[in-house]
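Thanks for sharing this one with me. Below are a few friendly notes to read alongside the model.

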Amino acid sequence: MPEPTNNNLIAHFVANIDQPEKPSIYTKDDEVISYGGLFSIASKYANAFVSLGVRPGDRIAVQIEKSPDALCLYLGCLMCGGVYLPLNNAYTPVEVSYFLSDAEPHIFISDPKDEALLADVCTKASVVHQLTLDQKGKGSLANITNEQAGEFDIIHRESGDLAAILYTSGTTGRSKGAMLTHGNLLSNTQALLDIWKITANDILLHALPIFHTHGLFVATSTSLLSGGAMVFLPKFDADELIRQLPRCTTLMGVPTFYSRLLSKPEFDRDLVVNMRLFISGSAPLSADTHNEFSKRTGHAILERYGMTETNMNTSNPYDGERRAGTVGFPLPGVELKITNPETAKELPKGETGIIEVRGPNVFAGYWRNAEKTAEELRVDGFFITGDMARIDEDGYISIVGRSKDLIISGGLNIYPAEVETVLDAMPEIAESAIIGVPDPDFGESVVAIIARREGKNISQAEIISEARQLLAKFKVPKRVIFIDALPRNTMGKIQKNQMREEYKDLFQQID
Ligand code: AMP
């Protein structure tokens, strides 16, 4: 099929539809939405937005539950040239207020139950229309949408035009709005289709949220551009995934999906006979989970690495060894180098430094924040990811942590991932997080936060003495704190900031 001349991402999805009756979405309740049906509903949203005065470049912000209608709203927003701004459902009105004041959307859509709560926030941010949509597709926006025609001429967009603003999860400082263009999203989707061999025959089990790059772009874009189908679940629920897996061929998940599936004895080989590919990302997948998964199912999980600002950067190979604890190789078209954080010089293989990436996947900068853009996006186009990593002899990339998580104790660098790997291998430990805590003597000292396996016991002294056998003394935790479970956000990322804050006075208090 010829490539459309319109660079609007949605024009590329639509251009691939050769059978409008082909299923695009299966819902949890076994409803089927065809490709024709999906784009007819999306067109109604696009017409509704135009009738509400949306012009190309205007922002449409949403804080709504995941549903097929929410997906059509997103498609409709891009079809009419709007810039989509999805917000995590967990954000409080105070947080929403910051995002709306920063982005000044023309329209804000929330669940009807939050309408009154967010009215003042909308007024303060000069939102022109505050509307609602619930998980069943009902609300004041639906009332307008239902009146609209189911056809729409997709607005012409250039590759560099904005498609979305996604606020970074803000684990370090205030959230910034990453500006993603139609060209960013299309090029990355094409690269992923190619390397993961996604086709119209695939059925993706979609259980990720759609306010984040993983569920919104990686998952839905690859499915829609390939002409495949999605089983579109409102949220992750291990039992529901087990029910749906037999009819699916691919799953994209965060590591927690895989550890939770493994905790179910009924999750076995028979359940995944139709599965072709399990993909993991957004947080590190432990080698334990990778290995246990292989043993249980016969499938090697394919781990990839990306971020809001860059879309996907690297992936383990489809054919070839998917190496546990690594994120594989750069995607086609993505240039990646490891640099010295102080000198910005490229480092040789085997040395640890910061990952920098350049390519059509890299975002256009932070919304209305030239200062932060200049700090993180070099003039030559390389983006400083803030992830520390090294490349091994075979070219596989291993992430060892965020640069902001790097601990410097007595002038020596400690990469948390190295210590965490040693601790996680102890049979009594379920999971661990290593943080640096201010120490009057050393600048920072290593502290281990540990969740023990159920029914298992291990003391601070035992952990320290075992770790001493394997790690240089300066890397061994000075203190061990036991908690029930590590704090995580919805994407499975461990909240080290929160722990650093909680334990910041540890050495001041005791010593
Ligand atoms: P976000 O912008 O919310 O998608 O977060 C991006 C960050 O998640 C990256 O900068 C990494 O620190 C982390 N991340 C994503 N994928 C992986 C992975 N496979 N392994 C380790 N960290 C990852």
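**Notes on the sheet, the ligand site and one helix residue**

1. Let me start with a small open sheet: three strands, ordered S22-S23-S24, with mixed pairing. Strand S22 (429–439) and strand S24 (479–482) are at its edges, and each has a single partner strand, so one side of each lacks a neighbour in the sheet. On average, neighbouring strands here are turned by 30° against each other, direction ignored. Please keep in mind throughout that this is a predicted model.

2. How many bridges join S23 to S24? There are four, and these two strands run parallel, with S23 covering residues 443–452. If you would like a pair to look up in the viewer, try Val447, whose bridge partner in S24 is Arg479.

3. Two helices accompany this sheet. Helix H13 (residues 416–424) lies across S22 and S23, and its direction is at about 145° to S22. Helix H14 (residues 460–470) also packs on the sheet, where it touches S22, S23 and S24. The direction of H14 makes about 130° with that of S24.

4. Now to the ligand. Which residues come nearest to it? Of the 17 around the ligand, they are Glu303, Arg304, Thr308, Asp387 and Lys493. By class, the shell divides into six nonpolar, six polar and five charged residues.

5. Where does the shell come from? Strand S13 (302–307) and strand S19 (397–402) each contribute at least two residues to it. S13 gives the most, with five residues.

6. Several side chains have polar atoms close to ligand oxygens, and the distances are worth checking by eye. For Thr308, a polar side-chain atom is 2.6 Å from an oxygen atom of the ligand. For Lys493, an N or O atom of the side chain is 2.9 Å from a ligand oxygen. For Arg402, the corresponding distance from a side-chain N or O atom to an oxygen of the ligand is 3.1 Å. As for cover, the ligand on its own has 490 Å² of accessible area, and the protein covers 91% of that.

7. Finally, a look at Asp102, which sits in helix H4 (residues 93–103). Which residues does Asp102 contact, once its neighbours within four places in sequence are left aside? They are Tyr167, Trp367 and Arg368. Another pair to inspect is Asp102 and Ala125: they are 23 residues apart along the chain, and their C-alpha atoms are separated by 8.1 Å.

How values were computed. Residues numbered from 1 in each chain as written. Predicted model: local features only at pLDDT ≥ 70, side-chain atom pairs only at ≥ 80, totals over all residues. Heavy atoms only, no water. Near = heavy atom within 4 Å. Polar contact = N/O pair within 3.5 Å; in protein donor to acceptor, adjacent residues only side chain to side chain. Areas by Shrake-Rupley, 256 points an atom, 1.4 Å probe, with all protein chains shown as cover. Nonpolar A, V, L, I, M, F, W, Y, C, P; charged D, E, K, R; others polar. Pairing = 2+ DSSP bridges. Axes fitted to C-alpha atoms, helices over the stretch in contact; angles between N-to-C directions. Contact = heavy atoms within 4.5 Å.
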